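The following paragraphs guide the reader through the structure shown below, from local backbone features to the sheets and cores. The sequence may be kept at hand for reference.

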Amino acid sequence: MRRAALALALLAPLPAMAQDARTCEPADMAALADWDGVWVAEHLQADISGREPEGEIPAAVAMQLLGITAPWNDRGWAGLESFIRAIRGSSAQNSGWGFPMMMQSPAPLRFIVTPQETVMTSQYRDIRYVPTDGRPMLAEEDRWPTIWGTSVGCWEGDTLVIETASAAFTPEFNPIAPALSDEATFVERVRMVSPDRIEDTITITDPATLTEPWTVRMAYDRHPVLDRLVHDGDNLFTNRVVEVNGVGTILPPGDDGPPPGPVFPAEVALGSADLERFLGTYAIDGAPPGAVLVVARLGNRLSTRLVPAFAVSLPLYADGDASFHSRGLAPMRLRFELDAAGRAVRFTGVSPEGGPISGRRQE
Amino acid sequence: MAAKPCLAALAALALAGAPSAQAHHSRAMFDTAKTVELTGEVSRFQWNNPHCYIQLRVTAAGGQQREYSIEMGAPMHLQGRGWTPRTLKAGDQVRVTIYPLRNGDPGGEMSSITTMDGRQLGRTR
């Protein structure tokens with residue numbers, strides 16, 4: 001019986017994935033060790049001015065993927081003209097490069113090669129995942145346009161062949177990019193040609209914007225200085241360039257540091273016996289049953305916990321014999337009333353929202 | 001066939017227009033046909049996207065002080081040339097050559113910078 005079941009299983013058709021599976025992992029991972037490190041696109045290592053060094057070709061010419069020599073059709077030309085209008089304006093906001101521009105931008109790159117996936121990431125946090133586990137390109141109904149597209153890769157010897165689709169031109173994210181259609185497809189052949197140079201030939205097919213397939217040959221040099229990628233944040237408020245009467249200038253630097261914080265009453269040190277008077281659980285007037293304020297010890301201070309609204313213990317700072325304030329839940333302030341034995345029985349004060357709050361001890 | 005776009009217009013695209021919510025701006029605000037040499041004291045070194053800036057306090061022969069805002073590339077570009085946020089600090093004395101702002105404001109785009117004894121700043125790996 002068991003033997004018959006096994007025979008039937010062997011005769012059963014293979015699942016679709018198994019039929020499509022290719023062998024795409026690198027045959028020799030050790031041979032790819034040199035892909036590690038930081039790479040910069042050829043001609044695009046800027047000087048400290050942010051411009052190309054003297055004698056280097058202009059950045060926009062080096063960035064061939066912008067399309068100045070692409071075989072555009074009318075729609076493609078309109079996209080390029082729109083791009084030129086954008087860069088001639090006083091400012092064009094970018095949030096990253098996206099694909100394909102991240103492969104030919106001034107932002108250094110890393111290639112993180114593992115057997116089943118290669119990840120490409122740039123200093124401006126662009127990231128591409130390229131699975132090399134043999135999966136085919138996702139069916140059209142399973143993908144949608146994104147800024148970085150959907151990629152699959154396959155190692156052919158020492159060459160990583162990458163197919164990419166559904167890479168959306170998104171000028172709101174990065175207008176400095178070719179205005180290809182969402183239907184554009186990309187095939188790259190990426191290969192290390194020497195320990196300090198990787199080449200990437202990309203062929204773009206997009207009948208909606210191109211009259212014929214467009215091939216760009218790119219290269220990356222091992223970065224002479226960087227051995228890691230550091231991103232220094234998006235500080236929109238630090239843009240100091242403005243136009244005054246149509247002429248650009250640099251604003252003086254803003255004030256240093258964050259805005260001044262709130263000012264709290266001076267703290268009064270209370271002894272342990274004094275603090276003990278306030279410990280307990282207080283029902284909050286007018287609140288649903290179960291809403292309580294819990295006062296506990298926190299080292300040489302009290303803590304307060306509002307249950308269930310803010311059930312986290314935070315320090316309560318004494319600013320008088322029986323008055324306290326919270327700094328995390330400012331402007332919350334509490335003044336306790338004591339009974340004849342000196343034990344707190346009731347409080348009034350200001351809630352974290354700024355309204356009145358009061359309550360009495362639960363026995 | 002439509003004409004190719006003007007390469008000069010494209011060349012105006014600066015590497016400094018690198019992203020990170022950056023504001024790319026035209027280089028037209030700087031007079032790149034002219035350079036100005038400045039010697040002064042760094043009052044502040046601002047390490048920020050989209051541009052780093054040096055605030056340089058320059059004292060004229062008559063004793064009057066003027067503070068220049070000197071624009072550099074993005075932190076990424078400076079890192080690539082061996083700079084860190086600690087490469088300059090307030091009080092450092094430097095020699096700077098800038099392309100000045102066209103509107104006459106005290107500032108410009110960095111062309112070169114050295115220490116007073118002529119050393120390059122930034123380190124190599």
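**A walk through the model**

In chain A, A:H43 sits in the loop between β1 (39-41) and α3 (59-62). The structure is a predicted model, and this loop residue offers a first backbone feature to inspect. The phi angle of A:H43 is near 70°, a positive value in a residue other than glycine. Is A:H43 buried or exposed? A:H43 has 21 C-beta neighbours inside 10 Å and therefore counts as buried, since the cut-off for burial is 20 or more.

A second residue of this kind is A:R125, in the loop between β4 (117-122) and β5 (127-131) of chain A. Its phi is likewise positive, near 70°, and A:R125 is not a glycine. For A:R125, 16 other C-beta atoms lie within 10 Å, so the residue is partly exposed.

Two cis peptide bonds also deserve attention. One runs from A:F99 to A:P100, with omega near 10°, and A:P100 belongs to the loop between β2 (92-94) and β3 (109-113) of chain A. The other joins A:V307 to A:P308, with omega near 0°. A:P308 is found in the loop between β15 (301-307) and β16 (310-318) of chain A.

Confidence should be considered alongside such details. Chain A has a mean pLDDT of 89, and 90% of its residues reach 70 or more. Over residues 1-19 of chain A, however, the pLDDT is below 50, and this stretch has one contact in the model beyond near neighbours in sequence.

On a broader scale, chain A is divided into domain 1 (18-226) and domain 2 (272-361). The C-alpha centres of these two domains of chain A lie 59 Å apart.

The next element to trace is a barrel in chain A. Its eight strands run β13-β14-β15-β16-β17-β18-β19-β20, with antiparallel pairing, and the barrel is closed. On average, neighbouring strands of this sheet are turned by 30° against each other, direction ignored.

Individual strand pairs show how this barrel of chain A is put together. Strand β13 (residues 280-284) and strand β14 (residues 292-298) of chain A pair in the antiparallel sense over four bridges. Within this pair, A:Y282 has A:L293 in β14(A) as its bridge partner. Strand β14(A) also pairs with β15(A), again in the antiparallel sense, over seven bridges. Here A:V292 stands opposite A:V307 in β15(A); A:V307 is also the residue that precedes the cis bond to A:P308. Strands β14(A) and β15(A) form a hairpin with two residues between them, and A:G299 in the turn has a positive phi of about 65°. Further along, strand β19 (residues 344-350) and strand β20 (residues 356-361) of chain A are antiparallel and share five bridges. In that pair, A:T348 stands opposite A:S358 in β20(A).

Chain B may be read in the same manner. What elements does chain B contain? It has two helices and six strands, and from the N terminus on these elements run α-β-β-β-β-α-β-β. Chain B comprises 125 residues, of which 46% count as buried. Among contacts in chain B with a separation of 6 or more, 54% come from residues 24 or more positions apart.

Chain B, too, contains a closed barrel: five strands run β2-β3-β4-β6-β5, with mixed pairing. The twist averages 55° from one strand to the next. Within this barrel, strand β5 (residues 93-100) and strand β6 (residues 107-115) of chain B run antiparallel and are joined by seven bridges. One bridge of this pair links B:P100 to B:G108 in β6(B).

The nonpolar cores complete the picture. In soluble globular proteins, nonpolar side chains tend to be buried together. In this model the largest nonpolar core holds 53 residues, and those touching the most other members are A:M63, A:M101, A:M102, A:I176, A:I204 and A:Y220. Strand β10 (residues 214-222) of chain A supplies the largest share of this core, four residues. A second, separate core has 23 residues, including B:F30, B:W47, B:C52 and B:W83. Returning to A:M102, its contacts are A:W97, A:A107, A:S122 and A:D126, with residues up to four places away in sequence not counted.

Technical notes: Residues are numbered from 1 along each chain as its sequence is written. Chains are lettered from A and ligands numbered from 1 in the order in which they are written. This is a predicted model: local features need pLDDT of at least 70, side-chain atom pairs count only at pLDDT 80 or more; totals for chains, interfaces and linings use all residues. Two strands pair if DSSP finds at least two bridges between them. Axes are lines fitted to C-alpha atoms, for helices over the stretch in contact, and angles run from 0 to 180 degrees between N-to-C directions. A residue is buried if 20 or more other C-beta atoms lie within 10 Å of its own, exposed if 12 or fewer, and partly exposed in between; C-beta atoms are placed from the backbone. pLDDT is the predictor's confidence in each residue, from 0 to 100. Two residues are in contact if their C-beta atoms, placed from the backbone, lie within 7 Å. A nonpolar core is a set of buried Ala, Val, Leu, Ile, Met, Phe, Trp, Tyr and Cys residues joined through C-beta atoms within 7 Å. Domain bounds come from an automatic or database domain assignment.
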